[in-house]
Each structure stands twice: as C-alpha cells, then as structure tokens.
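Visitor: I would like to know how the terms in a structure description are earned. Could you walk me through some?

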Amino acid sequence: MNFVFISPNFPSSYWMFCARLKENGVNVLGIGDCPFDDLAPELKRSLTEYYKVSTLENYGEMVRAMGYFTHRYGKIDWLESNNEYWLERDARLRSDFRITSGFQEEDMPRIKYKSRMKEFYQAAGIPTARYHMVDNRKNCMAFIKEVGWPVVVKPDNGVGASDTHKLSDAKDLDQFLKTRNPDVAYIMEEFIYAEVNSYDAIIDSQGNPIFETGNVTPISIMDIVNEAD
C-alpha cells in the first residue's frame, strides 16, 4: 500500500502517524516544504522517500511530486495531511490522481462551507443556527430584526475562529461591513447561548475508535480567540 503523507513534519508529533503506518507494512511517502536534513530522526526512519517542495501552496509542485511518486512506486492508495487547512488541496489531489480512499473535490462544499453543512445537519434532524449570507446592510438588518442581537459573522469557508466577529449593535455591523475582506463570502448567524460539547476519536482501519476524547467548553472558542480569555 502506498500512502502519501502531506506535511508529515507539522505538527511535530505527526511523525507518529508515519511510524505506525510503516509498522503496519505501509509504504509511506512524504511531501513537505521542510528540508530533509531538518526532519526529526524518527520521521526520517518512517519515510520510504521524501519529496521537498518550495511551498505547499504551489499546486503545480504538488502535482509534480505526486507524479514522481506514482511513476516510481505505482498507484497511490491513500493521501492525507491531517490538517484542516489542506482539506481542499488534499481532495483535489485525490481527484486528479484517482485516489478513492478519501474526500474528493466534489465533496468539499458540504465539508468546508458552513452554509452547506447546515443542509446535512437538518437532513439528520439536528437543529442549526439560523443564518443569512452577508450581502448589504438592509438585508443584514432585516435578518437581525428576526433573530435579535448579537449575531456572529465569519467566513463561510473558514478554519477555526479566524476572522470571526460578534456584532452587538448597529455600530458593530457598520464597522464590519466597512472593514470586511471584499474577496471573502461571510455567513451571519444568530448567537446561541450554550456550552460547547465536542467528541473526537482516532479510528482504526475497520472504523473502530481506539482513542476517544470529549471536551466541554463553557466559554466559546470565538471569545477565547478574540478576547484572549
């Protein structure tokens, strides 16, 4: 089995994924922007081969790296980075190289766009916060009149709490509309007062959880990030 691991050196603990793959007989091929000599010794021992690119943002370089691995080792069975930032890039590479073991480019809207996610939650009977795609002040105010202050605005396609804002009055709204990134599509949602309960797991190749963790966060991540709480 050929497994391409994107950016295996970041975070530094990710060498463990490569080591366990190798222990299970997998051929682990790394692509990253870190010089090979700077990789941790444990990671070096876990990789069959490493292909350095100048930047992971350059899709052409990523394609050349994948082409090289395909030519040398045959069909690639898996490709992962385990970093949310690279979800779309990973999916595009899978689609282009016909790797069917993970999300494809066509799957990305329902995974990356908050407005699209809601359709799937609702289909499963899970309530979601009411929302409005930010367009102009008039329509935003009409939505706010319906749900009340405060509201939260964030990129429809974003990671974590980056560029996320809590608007408490018309002054906040005007400031946001004045300073927002014109190239970003923003979603506006009603503010929900609640604690956050999360569940994460690492699963084995049969889908069984082998490590589980749950978190209860009484303070929102947005407030922690924006208010340095």
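Guide: Here are a few questions about terms, each with its reasoning.

Guide: This is a predicted model, where local features need pLDDT of at least 70, side-chain atom pairs count only at pLDDT 80 or more, and totals for chains, interfaces and linings use all residues. Residues are numbered from 1 along each chain as its sequence is written, and side-chain values use heavy atoms, leaving out hydrogens and water.

Visitor: Why is Glu189 called buried?

Guide: Buried means under 20% relative accessible area with a 1.4 Å probe, protein chains only (exposed is over 50%, partly exposed in between). Glu189 has 10% relative accessibility, so the residue counts as buried.

Visitor: What makes the link between the side chains of Glu189 and Lys118 a polar contact?

Guide: A polar contact is a pair of N or O atoms within 3.5 Å; within protein, one must be able to donate a hydrogen and the other to accept it, and residues adjacent in sequence count only if both atoms are side-chain atoms. Here the side chains are joined at 2.7 Å.

Visitor: How do you know that β1 and β4 pair?

Guide: Two strands pair if DSSP finds at least two bridges between them. For β1 (residues 2-6) and β4 there are 3 bridges, running parallel; Phe3, for instance, has Trp78 in β4 as its bridge partner.

Visitor: Why are β3 and β4 said to stand at the edges?

Guide: The open sheet has 4 strands in the order β3-β2-β1-β4. β3 (49-52) and β4 (78-80) each have a single partner strand, so one side of each lacks a neighbour in the sheet.

Methods:
Helices (H or I, at least four residues) and strands (E, at least two) are DSSP runs, numbered from the N terminus.
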